[in-house]
Amino acid sequence: MNKLLTVIAEERQKRGWTEYQLAEKSGLPQSTISSWYRKNMVPTVPSLEKICAAFGITLPRLFAAGQEPVPLTEPQRRLLTAFAKCNEQQQAALLAFLESL
């Protein structure tokens, strides 16, 4: 079983949910969830978004499951905060500038 399916199964089991309950809470057909495991398939992004909504977690948290968070320094935190306030063009310009250094 691929790591992503293992994480989904672990999240489901932490909550004491069956595959059927996950299907009900996510709005996905139970047969779809079951087929991921039978065929060792990677769910689509829209399906993962529904799974995450059912779990009450974000996609990044799902993908980072089991990993230690990376602590940020204060300058890194300030840089990310400022970057998030920029529009798409400004972000692209900042990235180009930083990559040119």
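How many helices and strands does the secondary structure of the protein come to? In this predicted model, the tally is seven helices and zero strands. Walking along the sequence, the pattern simply reads α-α-α-α-α-α-α. The protein isn't rolled up into a neat ball, though. Its radius of gyration is 18 Å, well over the 13 Å that the globule rule gives for 101 residues, so the protein is more spread out than a compact globule. The box that holds the C-alpha atoms, taken along the principal axes, is roughly 50 × 25 × 25 Å.

Next comes the question of what is tucked away and what is not. Buried residues account for 27% of the 101 residues. The accessible surface adds up to about 7200 Å², and carbon and sulfur atoms own 58% of that. As for contacts between residues at least 6 apart in sequence, 51% of them link residues at least 24 apart.

In soluble globular proteins, nonpolar side chains tend to be buried together. Here, the largest nonpolar core has 18 residues. The members that touch the most other members are Ile8, Leu22, Ile33, Trp36, Ile51, Phe55 and Leu62. Two or more core residues come from each of α1 (3-14), α2 (19-26), α3 (30-39) and α4 (45-55). Helix α4 chips in the largest share, with five residues.

Leu22 gives a good feel for how this core is put together. Setting aside residues up to four places away in sequence, Leu22 touches Ile8, Arg12, Trp17, Ile33, Ile51, Ala54 and Phe55. Several of these names have come up already: Ile8, Ile33, Ile51 and Phe55 are, like Leu22, among the core members that touch the most others.

Leu5 is another residue worth a look. This leucine sits in helix α1 and counts as buried because its relative accessibility is 0%, which is under the 20% cut-off. Ignoring neighbours within four places in sequence, Leu5 is in contact with Trp36, Tyr37, Asn40, Met41 and Pro43. Leu5 and Arg61 are 56 residues apart in sequence, yet their C-alpha atoms are 14 Å apart in space.

Finally, what about the cysteines? Cys52 is buried, with a relative accessible area of 3%, while Cys86 is partly exposed at 22%. That second value lands in the partly exposed class because the class runs between the 20% and 50% limits. The count of disulfides, pairs of cysteine sulfur atoms within 2.5 Å, comes to zero.

Note on methods
Residues are numbered from 1 along each chain as its sequence is written. This is a predicted model: local features need pLDDT of at least 70, side-chain atom pairs count only at pLDDT 80 or more; totals for chains, interfaces and linings use all residues. Side-chain values use heavy atoms; hydrogens and water are left out. A nonpolar core is a set of buried Ala, Val, Leu, Ile, Met, Phe, Trp, Tyr and Cys residues joined through side-chain atoms within 4.5 Å. Buried means under 20% relative accessible area, exposed over 50%, partly exposed in between (1.4 Å probe, protein chains only). Helices (H or I, at least four residues) and strands (E, at least two) are DSSP runs, numbered from the N terminus. Contact means heavy atoms within 4.5 Å. The radius of gyration is taken over C-alpha atoms; the globule rule is 2.2 Å times the number of residues to the power 0.38. Accessible areas come from the Shrake-Rupley method with a 1.4 Å probe; for residues, only the protein chains shown count as cover.
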